[in-house]
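Here are some exercises to work through with the structure at hand. Try each task before you read its solution.

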Amino acid sequence: MKRLILGAVLGYSLATLPCRADEPVQIPKQEFEQMLDTYRLVLEDYVDPADRKKLFTEAIRGMLSALDPHSRYLDKDDLEDLERIHSGQYVGIGIGVEMLNGQILVRDVAEDSPADRAGVRAGDSVVAIDGAPLFGLRDSQVASRVHGEPGTTVELTLARRGATPLRTVAVARATLRDHTVTVQRLDGDIARIRISEFGGGTVAELIAALRQLDGPQPVKGIVLDLRNNPGGLLPAAVGVAGAFLPQGAVVFTSTGRLPESNSTIAVSPRFFGKPGTADAYDQLPAFAQAIPLAVLVNGSSASAAELVAGALQDHGRGKVIGARTYGKGSIQTVFPLTDESAIKLTIARYYTPNGREVQAQGIVPDVQVAPAAAKDGDDTLLFREADMANHLPASSASPDAAPAGRPVVEDSKSFGSASDRALQAAMVQLHPAPPSGQALGSAWRGISAMFRRSRS
């Protein structure tokens with residue numbers, strides 16, 4: 001999924017592979033001569049003097065954009081965003097967004113974030129920042145307008161589908177900690193663990209959450225909530241799946257042109273910590289790999305979130321509940337060009353342990369639950385991977401990959417509430433008898449806010 005980064009975390013699965021091809025690359029002489037002729041004509045005949053470095057940078061950017069939505073040129077700001085996913089700390093306002101047809105759509109808003117307090121809501125379109133329109137800008141250019149010093153203010157001009165006129169809100173930037181795991185304890189000794197995205201600290205946060213649940217009053221079931229999760233770091237996703245699967249269980253396989261991209265990735269302690277640190281895998285409570293499990297997904301669950309859901313589904317570890325996922329089943333790796341630039345290139349497709357392809361198809365839930373309609377009846381529709389221009393097609397159609405309707409944006413603030421139909425369906429799977437809506441509404445006994453979800 002193409003996820004715009006406003007001082008936060010990239011929504012892509014990342015790997016690190018050497019750049020090596022199977023066969024020598026033949027340089028097309030005629031095409032390069034055309035490019036050089038064009039370059040010379042621009043320098044000689046364009047109405048104003050042209051920036052030579054910019055011409056080459058944009059040529060690289062255009063070349064990559066012709067491949068698929070996730071292969072792209074990374075400038076200095078983009079590389080800084082990559083670093084933020086590891087540190088988990090950034091200056092921002094707390095929104096997750098998606099760029100669609102030149103518009104910036106708010107996908108979700110972190111609870112109690114500056115944006116949440118300012119009234120920004122999922123489904124809003126960001127039309128302008130500090131009065132300057134955003135149409136035609138690249139991700140990094142939009143991100144640079146939101147970046148700033150803590151305590152300073154950024155003005156967002158917002159449009160809401162079916163509502164006029166535009167409205168402008170002032171949002172104070174703040175230093176946010178990108179915690180990605182939250183825990184909610186429900187009636188019937190059920191715990192809901194929400195993972196908002198997969199960052200550098202996600203596995204450690206999950207282990208801490210599981211250890212807290214392994215107390216005097218142990219839980220009898222877990223709802224793993226991956227809704228609105230755009231993906232993130234591939235090793236973090238493998239670690240999360242490995243928390244609920246036995247060591248050696250296959251999490252996914254991948255195929256590509258590089259020999260190293262054709263691999264089978266299984267649960268291993270190496271995904272639970274950094275080299276040279278204590279083995280976090282040993283800190284996993286034993287109950288995690290045996291406790292009844294249900295997994296929640298929706299049309300905004302993408303990339304690494306789909307990888308985790310597919311692995312748990314194929315191993316029969318728990319029922320997947322909700323709506324068909326986004327369908328971003330490709331892996332990207334970053335190749336440095338200079339100290340301040342790189343390219344991110346799609347190098348493989350990934351498949352679930354049973355060989356199901358996710359790319360452009362998504363994960364089909366075991367129990368399908370449509371999102372609740374918006375209160376005003378004005379649902380905002382989102383795109384899927386298959387709707388993206390130049391999307392990487394599936395290598396083969398899955399038998400259950402019937403055309404899916406456009407997903408409806410869901411506000412994360414509704415997750416865990418009495419109106420959360422997917423959560424109610426999960427409780428039915430984990431309970432001998434379905435809880436009533438009233439019981440679910442009173443189910444919040446001792447919410448553990450030890451980790452708070454953040455965005456840009």
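Two strands count as paired if DSSP finds at least two bridges between them. Keep in mind that the model is predicted.

**Exercise 1.** Work out which strands stand at the edges of the open sheet of six strands, and look at how one of them pairs.

*Solution.*
Step 1. Start with the strand order, which is S12-S13-S14-S17-S18-S21, with mixed pairing.
Step 2. Strands S12 (181–186) and S21 (367–368) each have a single partner strand, so they stand at the edges and one side of each lacks a neighbour in the sheet.
Step 3. Now follow S12 to its partner: S12 and strand S13 (residues 190–195) run antiparallel and are joined by six bridges.
Step 4. Within this pair, look for leucine 186, which stands opposite isoleucine 190 in S13.

**Exercise 2.** Place serine 303 and decide: is it buried or exposed?

*Solution.*
Step 1. Most residues other than glycine have a negative phi.
Step 2. Serine 303 has a positive phi of about 55 degrees, although it is not a glycine.
Step 3. Its place is the loop between strand S17 (293–297) and helix H8 (304–314).
Step 4. The cut-off for buried is under 20% relative accessible area; serine 303 has 0% relative accessibility, so it counts as buried.

**Exercise 3.** Do the same for asparagine 390: where does it lie?

*Solution.*
Step 1. Asparagine 390 also has a positive phi, near 60 degrees, and is a residue other than glycine.
Step 2. Asparagine 390 lies in the loop between S21 and helix H9 (421–430).
Step 3. Its relative accessibility is 45%, so asparagine 390 counts as partly exposed.

Key:
Residues are numbered from 1 along each chain as its sequence is written. This is a predicted model: local features need pLDDT of at least 70, side-chain atom pairs count only at pLDDT 80 or more; totals for chains, interfaces and linings use all residues. Side-chain values use heavy atoms; hydrogens and water are left out. Helices (H or I, at least four residues) and strands (E, at least two) are DSSP runs, numbered from the N terminus. Buried means under 20% relative accessible area, exposed over 50%, partly exposed in between (1.4 Å probe, protein chains only).
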